[in-house]
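Biologist: I am new to this structure and would love a close look at one part of it. Could you pick a spot, walk me through it, and then show me what else is worth finding on the screen?

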Amino acid sequence: MSRTVSSWILSSARNSIVLQGKGRLYSICVPNRNKVKWKLLSKTHLYPIGSCTLNDPFPFKKAFRHTSTEEEHFSFQLSQSQINDILRAGELSHKTLDLDGKNANSVLRFESNQLASNSPIEDRRSAATCLQTSGMLFGVFDGHAGAACAQAVSERLLHYIAVSLMSRQTLEEIELAVECMKPVQPILQWHKHPNDVEYREITSQYFENLRVYWQHLLDLDTELGFSLEEAMICAFKRLDSDISLEAQAPQESELMRNIALQVAFSGATACVAHIDGVHLHVANAGDCRAVLGVQEEDGTWSTLPLTRDHNAFDEFEIRRLKREHPRSEEKTLFVNDRLLGILMPSRAFGDVQLKWSKELQHSVLENSSDVEALNIYQYVPPNYHTPPYLTAEPEVTYHKLRSKDKFLVIASDGLWEMLTNEKVVKLVAGHLMELNVQKPQLAFEKPVNLGYMHSLLLQRKNRGTTSLDQNIATHLIRHAVGSNEYGEVDPEKLAAMLTLPEDLARMYRDDITVTVVYFNSESIENYYGNN
């Protein structure tokens, strides 16, 4: 099978239509969607010229991955151990405990993972506990035209949400501490992968702009504060505004200027969940997705989508954009199922090419040292008359958790392009059942001897439980990348997909980021019992 897969992949890649522009590749060959569809492939660098580069956050992928389809000795052979190394490199898990060591939070634990297609990966993820409230935040960010915007949003958005949720008294205490140059109490407790990267060079500016935001909240002179929905919407919109203003404002150094430009001219969709007790809010801007796994009383499983994909296939988005622009533009808003013929999502951070006026774009880039070196794509689409065409305002969904709500899956569209909502919930539910029987009690028959013990151990080994992924996000990624037409993981196909060269992988799969949050049913039941 692997020979068939490899020859088909190489042949289709070398015969596909590829158009090259500044900083991007456009291709109409996307076999994993089983239909011809334009895709935007980026060559934008993560780090600006002159910045300090960090180690690749996924060290295993390049060890087995080809760099070009032109290599003479092209092989898709990987051992099972090598496949696992690649798939498990980005694993992250965290179990939630209270001070007594007993789990009283409605979040039992979460598990997360990422698999790169782009080099470097353009997806990002975040998870944190709000130290000023009792909530937990989980975010998935899908970058495009480079990773810069997704990187900045993953570092900053949860802070903006946490600040939006603070009481006036807390904000005043933090402002007073900063004014007196005293230590500021942490706002978030982050739950990060050891190899997660961050823009250390610009952290101080990010903090200063966050401070300007909480000063603005203090100036509002409102005692009641925001509702959670209002807080999330305000945080999304304010961060996107700051990203735009930072690209226009003078910077202290060329490095900070370059970072600000790359963040603003790349883009990122975002899906963030806030969980506090039984109260679940999901804010979504773009085509990441959040889906709830529900176990009914009869033991069957169902799905409850908590987001809509904001793109040309959503009727609500089409109507919204038509309301916001003149009737003369109705036929040019979406071209080839893309916003202005360029972008698949219709909501995103950054992407100032679709938000700024032509004059502002020209003015900002004209005063920049070398946009070519930054791989910033200077292109104004046709029929660009009434910007902004793009917004970062999220759609917020509220759901009150029930004991039958077992888990929440948040993922970038790289997962949902491969697996349906129903298939994802089925895989997570099946994985939970397999983990529960992974270590069954051995039923001994007397007298017990070594031969009998050896027979029982062989039976367990033959069930294949020893190779089960402990991390559910890895399990989902394995199926997304390696499933055959019967929904089963084909090891040869999986190996082939993981060794695709960098100039080819994006045509067959996108970056995939998955976070699965498990709920504590007992804690949720106690809430209803006590109320």
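Modeller: Let us start with Glu317, which is found in helix 9, the stretch covering residues 315-324. Please keep in mind as we go that this is a predicted model. Is Glu317 buried or exposed? Its relative accessibility is 1%, so Glu317 counts as buried, the cut-off for that being under 20%. And which residues does Glu317 touch, once its neighbours within four places in sequence are left aside? The contacts are Arg308, His310, Asn311, Ser346 and Arg347.

Now look for Phe316 and Arg319. The charged end of Arg319 sits over the ring of Phe316, 5.0 Å from the ring's centre. You can find another arrangement of this kind at Tyr206: here the charged end of Arg156 sits over the ring, and the distance to its centre is 3.9 Å.

Tyr206 also leads us to a pair of helices. Helix 6 (residues 203-219) packs with helix 7 (residues 228-248) at an angle of about 130°, and their axes are 11 Å apart. Helix 6 and helix 7 are therefore oblique to each other, and their crossing is right-handed. On the helix 6 side, the contact is made by Gln205, Tyr206, Asn209, Val212, Tyr213 and His216. Helix 7 contributes Cys234, Ala235, Arg238, Asp242 and Glu246.

From here, let us turn to rings that pair with rings. How many aromatic pairs does the structure hold? There are 9 of them. One is formed by Phe110 and Phe138: the ring centres lie 5.1 Å apart and the planes meet at 70°, so this pair is edge-to-face, given that angles over 60 degrees earn that name. The pair joins distant parts of the chain, as Phe110 belongs to strand 5 (residues 107-115) and Phe138 to strand 7 (residues 136-144), 28 residues apart. Both Phe110 and Phe138 are buried.

For a contrasting setting, try Tyr527 and Tyr528. These two also form an edge-to-face aromatic pair, at 5.3 Å centre to centre and with 85° between the planes. Tyr527 has a relative accessibility of 27%, so Tyr527 counts as partly exposed. Tyr528, at 35% relative accessibility, counts as partly exposed too.

One last stop on the tour: ring pairs link Trp301, Phe407 and Tyr518 into a cluster. If you would like to retrace the route, begin again at Glu317, buried in helix 9, and then move on to helix 6 and helix 7 with their right-handed crossing.

Technical notes:
Residues numbered from 1 in each chain as written. Predicted model: local features only at pLDDT ≥ 70, side-chain atom pairs only at ≥ 80, totals over all residues. Heavy atoms only, no water. Phe/Tyr/Trp six-rings, centres within 6.5 Å; stacked < 30°, edge-to-face > 60°. Helix = DSSP H or I, 4+ residues; strand = E, 2+ residues; numbered from the N terminus. Buried < 20%, exposed > 50% of the residue type's maximum accessible area, 1.4 Å probe, protein only. Lys NZ or Arg CZ within 6 Å of the ring centre and 35° of its normal. Axes fitted to C-alpha atoms, helices over the stretch in contact; angles between N-to-C directions. Parallel < 35°, antiparallel > 145°, perpendicular 65-115°, else oblique. Left-handed = near helix turned anticlockwise from the far one by under 90°. Contact = heavy atoms within 4.5 Å.
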